[in-house]
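Student: I would like to work through a structure by question and answer. Can we begin once the sequence and coordinates are on display?

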Amino acid sequence: MNYTNLGNTGLRVSVVGLGCGGPSRLGQRAGKGTDHSVRLVRKALDLGVNFLDTAENYGTEEIVGAAIRGVPRDRVVVSTKKIMPEPGEADPAGTMRAGVEASLKRLGTDYVDVFHLHGVGDARYRFAADVMAPVLTELREAGKIRAVGITEEFPANPRHEMLQRGLQDPWWDVIMVGFNLLNPSARRSVFPLTLEKGVGTLVMFAVRRALSQPASLEKLLREMEQRGLVEPGADLGFLTENGCAGNLTEAAYRFCVHEPGADVVLTGTGDEEHLEANIAAALEPPLPPAALERLVALFGEVDSVTGN
Ligand SMILES: NC(=O)c1ccc[n+]([C@@H]2O[C@H](COP(=O)([O-])OP(=O)(O)OC[C@H]3O[C@@H](n4cnc5c(N)ncnc54)[C@H](OP(=O)(O)O)[C@@H]3O)[C@@H](O)[C@H]2O)c1
């Protein structure tokens, strides 16, 4: 495994993080038992992954808690999140404080390394910054949280407007952004800011459905063609030809891991073999320059799809 600094947080993190949400939720969505998911998290730790991303909303905090029981606490970086309460609620700050305590309990730990506001849309950013950020900052000072984070609502906000606003503020130690070879727009609008400000950066949607399921990719490319986003007949066959990459999913993770500014690329899976393959992919060198140039020519201007 390779390790890097998570922005200026002082946290040293594996370049691959295990995403415990997404379509797989560690296999929970496919009806796999808790034992299966706990084993998967432990396997990731055995393979050198030290970054685990979960959320109240995924229902996998207890699984992460069970998997890290007995592991020295400073060997693992735990990231979790909570969806913001409604602004009209009587005591939103109290709800968020209680949410952090509940996460700590489910995770079986007395601090969380990164605690995020989960899936914040552009329209709710003011509430996040003015009401929620001070609460998380206070909890960071109290030692319950080591870094304050915010994640975007990528499907509703594939152009990253919320993060572009948020990165003008001093609140966020860490952000999570959607980025993949089909929509690399964070390269222009987000990574320059995170790099300049030393904000730790987590990548989600590296693969999702379009880059792991050939039929989804074909459907998406034809839709993009109809919308005039890609040239007619665009396809990604070149990524798996002439020794470029073993398969498309490998190419997709390699694309993200070598992106300047992407500290941790999350991989979400419920499958041990996929986990092993994805970690191996991340340790491969960057895609060849000719392939990267072709991707820029195809998708360099795309900022309206997610690959889901
Ligand atoms: N707003 C937010 O805060 C937010 C939103 C979305 C995600 N997230 C976080 O980001 C993490 C990563 O997102 P994601 O889970 O969507 O991850 P992803 O890695 O982009 O895609 C996961 C999908 O790809 C499949 N897959 C993975 N490896 C594969 C392989 N080698 N071969 C074939 N299929 C493969 C998985 O199915 P299998 O189970 O079959 O492997 C799953 O359906 C999430 O788990 C979550 O922690 C945060």
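Tutor: What follows is a set of questions on the ligand site, the central strands and some single residues of this predicted model.

Student: Which pocket does the ligand occupy, and how much of the ligand's own 900 Å² of accessible area does the protein cover?

Tutor: The space taken by the ligand is the largest pocket. Around the ligand there are 28 residues, and the closest are S24, D53, Y253, T269 and H274. One polar side-chain atom of D53 lies 2.6 Å from a ligand oxygen atom. Of the 900 Å² of accessible area that the ligand has on its own, the protein covers 87%.

Student: Which residue has a polar side-chain atom 2.8 Å from a nitrogen atom of the ligand?

Tutor: R208 can be set aside, since the ligand atom 2.7 Å from an N or O atom of its side chain is an oxygen. D53 can be set aside too, as its 2.6 Å distance is also to a ligand oxygen atom. The residue with a polar side-chain atom 2.8 Å from a ligand nitrogen atom is N278.

Student: Which element gives the largest share of the shell around the ligand?

Tutor: At least two shell residues come from each of β7 (145-152), α9 (248-257), β10 and α10 (272-282). The largest share is 3 residues, and the element that supplies it is β10.

Student: Which strands pair with β9, and in what sense?

Tutor: Strand β8 (residues 174-178) is joined to β9 by 5 bridges, and the two run parallel. Within that pairing, G178 has M204 as its bridge partner. The pairing of β9 with strand β10 (residues 264-268) rests on 2 bridges, and there V203 stands opposite V265. The partners are thus β8 and β10, both in the parallel sense.

Student: Which residues of β9 point the other way from G200, L202 and M204?

Tutor: In a regular strand, side chains alternate between the two faces of the sheet. In β9, which spans residues 200-204, 5 of 5 residues are buried. With G200, L202 and M204 pointing one way, the residues pointing the other way are T201 and V203.

Student: Why is β8 described as largely enclosed, and which residue of β8 is the bridge partner of G149?

Tutor: β8 is largely enclosed by the rest of the structure because 5 of its 5 residues are buried. V174, M176 and G178 point one way from β8, while I175 and V177 point the other way. β7 and β8 run parallel and are joined by 3 bridges. In β8, the bridge partner of G149 is V174.

Student: How far apart in space are V114 and I175, C-alpha to C-alpha?

Tutor: V114 sits in strand β6 (residues 112-120). V114 counts as buried because its relative accessibility is 0%, and the cut-off for buried is under 20%. In sequence V114 and I175 are 61 residues apart, while in space their C-alpha atoms are separated by 9.7 Å.

Student: Which side chain makes a polar contact of 2.6 Å with the side chain of T80?

Tutor: T80 belongs to strand β5 (residues 77-82) and is buried, at a relative accessible area of 0%. A polar atom of the T80 side chain lies 3.5 Å from T54, but there the atom is the backbone oxygen. The side chain in the 2.6 Å contact is that of E61.

Student: How far is E61 from S103, C-alpha to C-alpha?

Tutor: S103 is part of helix α3 (residues 92-107). With a relative accessibility of 0%, S103 counts as buried. S103 and E61 are 42 residues apart in sequence, and their C-alpha distance is 7.1 Å.

Student: Is F205 buried or exposed, and what is its phi?

Tutor: F205 lies in the loop between β9 and α8 (214-226). F205 counts as buried because its relative accessibility is 10%. Most residues other than glycine have a negative phi. F205 has a positive value, near 70 degrees.

Student: What is the phi of H160, and where is H160 found?

Tutor: H160 counts as buried, at 0% relative accessibility. The phi of H160 is positive, near 65 degrees, in a residue other than glycine. H160 is found in the loop between β7 and α5 (161-166).

How values were computed. Residues numbered from 1 in each chain as written. Predicted model: local features only at pLDDT ≥ 70, side-chain atom pairs only at ≥ 80, totals over all residues. Heavy atoms only, no water. Buried < 20%, exposed > 50% of the residue type's maximum accessible area, 1.4 Å probe, protein only. Helix = DSSP H or I, 4+ residues; strand = E, 2+ residues; numbered from the N terminus. Pairing = 2+ DSSP bridges. Near = heavy atom within 4 Å. Polar contact = N/O pair within 3.5 Å; in protein donor to acceptor, adjacent residues only side chain to side chain. Areas by Shrake-Rupley, 256 points an atom, 1.4 Å probe, with all protein chains shown as cover. 1 Å grid on protein atoms, 1.4 Å probe; cavity = no way out; pocket = protein on both sides within 12 Å on 5 of 7 lines; lining within 4 Å. Sits in = over half its atoms within 2 Å of the grid points.
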